[in-house]
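Colleague: Got a minute to walk me through this fold? I'd like to hear the reasoning as well as the answers.

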Amino acid sequence: MNPPEHIGVVAHARRAQSIPVAERIVQTLNQRGIKTWMTIRWDNAQHQEMEQSTDLVIAIGGDGAMLRAARTCAPYQIPVLGVNMGYVGFLPEISSPNQWERHLDQLLRGAFWVERRMTLDVTITRNHVAIAAGSALNDIVINRNRTVGTVLLQTYIDGYWATTYHADALIVATPTGSTAYALAAGGPILPPELHNILIIPVAPHLSMDRPIILSEGSTVQVVLSSERGHDAGVVTDGSALTDIQPGDRVSIRAGKDYGLFVRMRDRNYFYRSLLDRLEPRVPNRATPDKLQLPPENDSNEL
């Protein structure tokens with residue numbers, strides 16, 4: 001990759017301890033001759049900077065900070081480097097602020113690669129009129145809204161009716177989101193390089209209870225059934241987008257933009273990083289870094 005010459009640094013607005021870290025990073029970059037800008041909230045000034053000349057953005061925080069930064073940077077195709085100050089820290093590349101300077105020379109040499117991750121676009125229509133739209137890097141969730149009980153969600157794939165979910169919620173996730181809420185709801189893990197949509201119901205009752213992985217390019221439409229009369233809400237990456245009423249249609253498809261993550265680890269980092277979090281107490285019994293396969297036997301003998 002080309003070494004970055006203009007870098008934005010974004011601190012976490014609700015974590016005051018991230019601001020001194022951001023200031024130190026900016027100071028270090030300036031000393032190395034790198035043009036920088038810094039913010040704790042996205043505004044028009046940062047969007048102008050990104051549109052004109054920003055090469056890379058450093059996001060300080062946890063997975064949520066990475067998601068917000070990647071969604072904001074996606075239309076400009078600007079990669080995001082994460083510095084973890086969160087709890088899980090699955091998405092950030094640098095595990096803690098104390099590790100930042102170790103990676104600085106590598107970053108400024110351009111010794112990194114950029115991972116491209118699928119996004120989702122969602123549009124909500126009422127009586128054939130769009131009332132809300134948004135995007136997500138993790139997932140779009142349709143859930144019951146301030147009610148006790150389940151919702152009925154008529155679900156269509158590529159315009160054809162598939163099933164009606166009777167559940168607490170329905171998760172429509174990207175491969176990135178497959179390791180988030182979808183995983184907690186019992187869904188499968190998808191590697192990040194895939195471009196497939198995952199559908200998984202939450203606490204389904206007497207209805208389809210298995211996750212579905214759609215073909216690349218498929219679309220999903222969900223209509224809130226009027227049979228139960230409950231209102232519901234649409235949530236994108238954990239943030240409320242809008243309330244919906246019976247008869248409203250939620251249309252979801254692969255996004256036109258991609259979230260771009262800066263990676264400095266090997267390209268096969270994903271499985272090791274994931275399993276280290278899922279199985280933190282499992283000892284590593286494999287001594288070689290890479291499996292050494294036995295030589296192939298040219299004979300036909302068993």
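What follows is a chat about sheets, cores, salt bridges and one helix in this predicted model.

Colleague: In the open sheet of six strands, which strands stand at the edges?

Modeller: The order is S12-S11-S10-S7-S14-S15, with antiparallel pairing. An edge strand has a single partner, so one side of it is left without a neighbour in the sheet. That description fits S12 (212-213) and S15 (239-244).

Colleague: And which residue in S12 is the bridge partner of Leu198?

Modeller: S11 covers residues 198-202 and pairs with S12 in the antiparallel sense. The pairing rests on two bridges. For Leu198, the partner in S12 is Ile213.

Colleague: On to the packing: which strand gives the most to the largest nonpolar core?

Modeller: That core has 25 residues, and Leu153, Ile244, Val250 and Ile252 touch the most other members. Several strands supply at least two residues each, among them S5 (113-126), S8 (151-157) and S16 (249-263). The top contributor, with four residues, is S5.

Colleague: How many residues are in the second core?

Modeller: The second core is separate from the one we just covered. Its members include Ala11, Ile34, Ile58 and Ile60. The count for this core is 22 residues.

Colleague: Back to S16, then. Which residue there is the bridge partner of Thr123, and which is the bridge partner of Gln221?

Modeller: S5 and S16 run antiparallel, joined by twelve bridges, while S13 and S16 pair in the antiparallel sense over four. Val250 touches both Thr123 and Gln221, but the bridge partner is another residue of S16. For Thr123 it is Ser251, and for Gln221 it is also Ser251.

Colleague: Let's do charges. How many residues apart are Arg265 and Glu93, the pair that links distant parts of the chain?

Modeller: Their side chains meet in a salt bridge, 2.8 Å from N to O. Arg265 is partly exposed at 29% relative accessible area, whereas Glu93 is buried at 8%. Arg265 sits in the loop between S16 and H6, and Glu93 in the loop between S4 (80-84) and H4 (100-108). Along the chain, they are 172 residues apart.

Colleague: Which residues do salt bridges with shared partners join into one network?

Modeller: The structure holds ten salt bridges. Not every pair is in the list you're after: Asp276 and Arg272, for instance, form a salt bridge at 2.9 Å, and both lie in H6, four residues apart, about one turn of the helix. The network itself consists of Glu93, Glu115, Arg117, Arg263 and Arg265.

Colleague: Arg210 pairs with Asp209 too. Is Arg210 buried or exposed?

Modeller: The closest N and O atoms of that salt bridge are 3.2 Å apart. Asp209 has 45% relative accessibility, so it counts as partly exposed. The cut-off for exposed is over 50%, and Arg210, at 52%, counts as exposed.

Colleague: Last one, on H6: is Ser273 buried or exposed?

Modeller: H6 spans residues 269-278 and contains Ser273. Tyr271 in H6 is partly exposed at 47%, and it helps make a nonpolar surface patch of about 350 Å² with Ile189, Leu275 and Leu278. Ser273 touches Phe90 and Arg265, leaving out residues up to four places away in sequence. With a relative accessibility of 5%, Ser273 counts as buried.

Conventions:
Residues are numbered from 1 along each chain as its sequence is written. This is a predicted model: local features need pLDDT of at least 70, side-chain atom pairs count only at pLDDT 80 or more; totals for chains, interfaces and linings use all residues. Side-chain values use heavy atoms; hydrogens and water are left out. Two strands pair if DSSP finds at least two bridges between them. Buried means under 20% relative accessible area, exposed over 50%, partly exposed in between (1.4 Å probe, protein chains only). Contact means heavy atoms within 4.5 Å. Patches are made of residues with over 30% relative accessible area and no salt bridge: like charges are joined within 9 Å, nonpolar side chains (Val, Leu, Ile, Met, Phe, Trp, Tyr) within 5 Å. Accessible areas come from the Shrake-Rupley method with a 1.4 Å probe; for residues, only the protein chains shown count as cover. A salt bridge is a side-chain nitrogen of Lys or Arg within 4 Å of a carboxyl oxygen of Asp or Glu. A nonpolar core is a set of buried Ala, Val, Leu, Ile, Met, Phe, Trp, Tyr and Cys residues joined through side-chain atoms within 4.5 Å.
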